[in-house]
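The exercises below ask the reader to work through a protein model, taking burial, contacts and helix geometry in turn. Each task is followed by a solution that proceeds step by step.

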Amino acid sequence: MAIFEYTFMQRAFLVGILLAAIVPCVGVVIVLKRLSMIGDALSHTSLAGVAGGLLLNINPVLGATAACVGAAFCIEAIRKKLPRYAEMTTAIVMSAGIGLAGVLSGFVHSTASFNSFLFGSIVAISNQELIWVALVTIFALLVFLFFYKELFYLALDERAAKLAGVPVGAVNSIFTILIAVTISIAARTVGALIVSSMMVIPVACGMQLGKSYRQTVLWSVGLAELFTVSGLFLAYYGQLKPGGTIVLVGVVCLLLILIGKTLLARLCRTRYT
């Protein structure tokens with residue numbers, strides 16, 4: 001267990017465990033609302049905020065958060081105007097974010113700082129960033145638990161949620177901010193190009209194993225923790241990029257679950273025929 005002798009690896013595990021506790025919670029609602037690509041849109045838009053932060057000499061994470069919040073509200077506003085074309089709304093905002101990030105990155109002098117947000121640098125997290133991640137995680141978990149039922153109604157059917165007395169507009173706004181903050185923080189650690197995968201893959205696995213909304217959430221969080229810890233171990237001993245390794249572990253696990261369920265279904269059919 002020599003891996004834990006290094007302070008930077010201790011911080012990496014703490015940050016990974018904290019993020020794995022909240023990212024799937026947000027991801028479950030996003031997936032059930034059929035907005036899986038919103039993670040891609042906001043993570044790419046966060047790069048524009050990072051570039052803007054570096055140009056203005058402010059914390060890039062704050063810039064990424066501001067950009068994500070703005071983009072998330074734009075997606076929500078356009079989605080209400082075009083409810084039948086929600087996926088087009090996400091594509092429009094993502095295109096705008098990528099374009100803006102590409103233009104602004106040309107004026108950034110510290111390309112190393114900007115590139116660190118592309119694939120993340122979880123092993124380079126400072127003590128201050130660890131505290132920031134911990135505070136965001138606690139805030140996000142409290143919001144998710146407090147609005148647990150409301151988010152469940154919204155995820156299944158917004159119209160039914162309105163009829164049930166849920167303040168859809170207020171809850172959507174709060175959840176939009178929650179998405180933006182979570183993605184901007186996760187982009188710093190696992191990378192803007194990878195964070196959307198961390199949001200969707202554990203949820204996809206959880207949906208295969210859970211039989212209810214609550215079970216899906218619990219499975220998603222548990223598997224996200226497993227992917228993160230396993231990925232960090234593999235990345236350390238295999239000298240690989242941590243963010244990409246974590247995602248690949250999740251993809252392999254999803255494939256194994258799908259193959260296992262298929263084989264089990266065939267075995268059951270064979271036994272009863």
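**Exercise 1. A residue in a loop**

Decide whether glutamine 239 is buried, partly exposed or exposed, and locate it in the chain.

Solution. The model is a predicted one, and the values used here are computed from it. The relative accessibility of glutamine 239 is 75%, and because the cut-off for an exposed residue is over 50%, this residue counts as exposed. Its place is in the loop that lies between helix H11 (213-238) and helix H12 (242-272). As for the backbone, most residues other than glycine have a negative phi. Glutamine 239, although it is not a glycine, has a positive phi of about 55 degrees.

**Exercise 2. Helix H2 and three of its residues**

Compare the end-to-end reach of helix H2 with its expected span, and then describe the surroundings of leucine 42, threonine 45 and leucine 55.

Solution. Begin with the helix itself: H2 comprises residues 38-55, 18 residues in total, and from its first C-alpha to its last it reaches 26 Å, close to the 26 Å expected at 1.5 Å a residue. Of these 18 residues, 16 are buried, and H2 is thus mostly covered. After H2 comes asparagine 57, with a positive phi near 60 degrees.

Next, take the residues one by one, leaving aside neighbours within four places in sequence. Leucine 42 is in contact with Cys68, Ala71, Ala72, Ile75, Ile179 and Ile183. Threonine 45, which also lies in H2, has a relative accessibility of 8% and therefore counts as buried; its contacts are Ala67, Ala71, Val93 and Gly97.

Leucine 55, likewise placed in H2, has 35% relative accessibility and so counts as partly exposed. Leucine 55 touches Leu104, Phe107 and Val108, whereas its C-alpha atom is separated by 32 Å from that of valine 143, a residue 88 places away along the chain.

**Exercise 3. The largest nonpolar core and the crossing of H1 with H10**

Which members of the largest nonpolar core touch the most other members, and how are the axes of H1 and H10 oriented where the two helices meet?

Solution. The largest nonpolar core has 69 residues, and those that touch the most other members are Val26, Ile30, Leu42, Phe175 and Phe227. Helix H1 (residues 7-32) gives the most to this core, contributing 13 residues.

Turning to the crossing, the axes of H1 and helix H10 (residues 195-209) come within 8 Å and cross at roughly 75 degrees. Since angles of 65 to 115 degrees count as roughly perpendicular, H1 and H10 are therefore roughly perpendicular to each other. On the H1 side the contact is formed by Val23, Pro24, Val26, Gly27, Val28, Ile30, Val31 and Leu32, which meet Met198, Met199, Pro202, Val203 and Met207 of H10. Sorted by character, the residues of this contact comprise 12 nonpolar, one polar and no charged.

H1 also holds arginine 11, which, at 17% relative accessibility, falls under the 20% cut-off and so counts as buried. Apart from residues up to four places away in sequence, arginine 11 touches Ile125, Ser126, Asn127 and Leu130.

**Exercise 4. Helices H9 and H7**

Establish whether the span of H9 agrees or disagrees with expectation, and contrast the accessibility of valine 171 with that of tyrosine 153.

Solution. The 22 residues of H9 should span 32 Å at 1.5 Å a residue, and because its end C-alpha atoms are 32 Å apart, the two values agree. H9 is mostly covered, with 17 of its 22 residues buried, and just after it glycine 191 takes a positive phi of about 110 degrees.

Valine 171 is found in H9 (residues 168-189) and, with a relative accessible area of 3%, is buried. Not counting residues up to four places away in sequence, valine 171 touches Phe147, Glu150, Leu151, Leu154 and Val166. With one of these, leucine 151, the C-alpha separation is 7.5 Å although the two residues are 20 apart along the chain.

Tyrosine 153, in helix H7 (residues 148-156), has a relative accessible area of 40% and is partly exposed. Beyond its neighbours within four places in sequence, tyrosine 153 is in contact with Glu158, Ala161 and Val166. The C-alpha atoms of tyrosine 153 and valine 168 are 9.4 Å apart in space, with their positions 15 residues apart in sequence counted as the separation.

Methods:
Residues numbered from 1 in each chain as written. Predicted model: local features only at pLDDT ≥ 70, side-chain atom pairs only at ≥ 80, totals over all residues. Heavy atoms only, no water. Core = buried A, V, L, I, M, F, W, Y, C linked by side-chain atoms within 4.5 Å. Buried < 20%, exposed > 50% of the residue type's maximum accessible area, 1.4 Å probe, protein only. Helix = DSSP H or I, 4+ residues; strand = E, 2+ residues; numbered from the N terminus. Contact = heavy atoms within 4.5 Å. Expected span 1.5 Å × (residues − 1). Axes fitted to C-alpha atoms, helices over the stretch in contact; angles between N-to-C directions. Parallel < 35°, antiparallel > 145°, perpendicular 65-115°, else oblique. Nonpolar A, V, L, I, M, F, W, Y, C, P; charged D, E, K, R; others polar.
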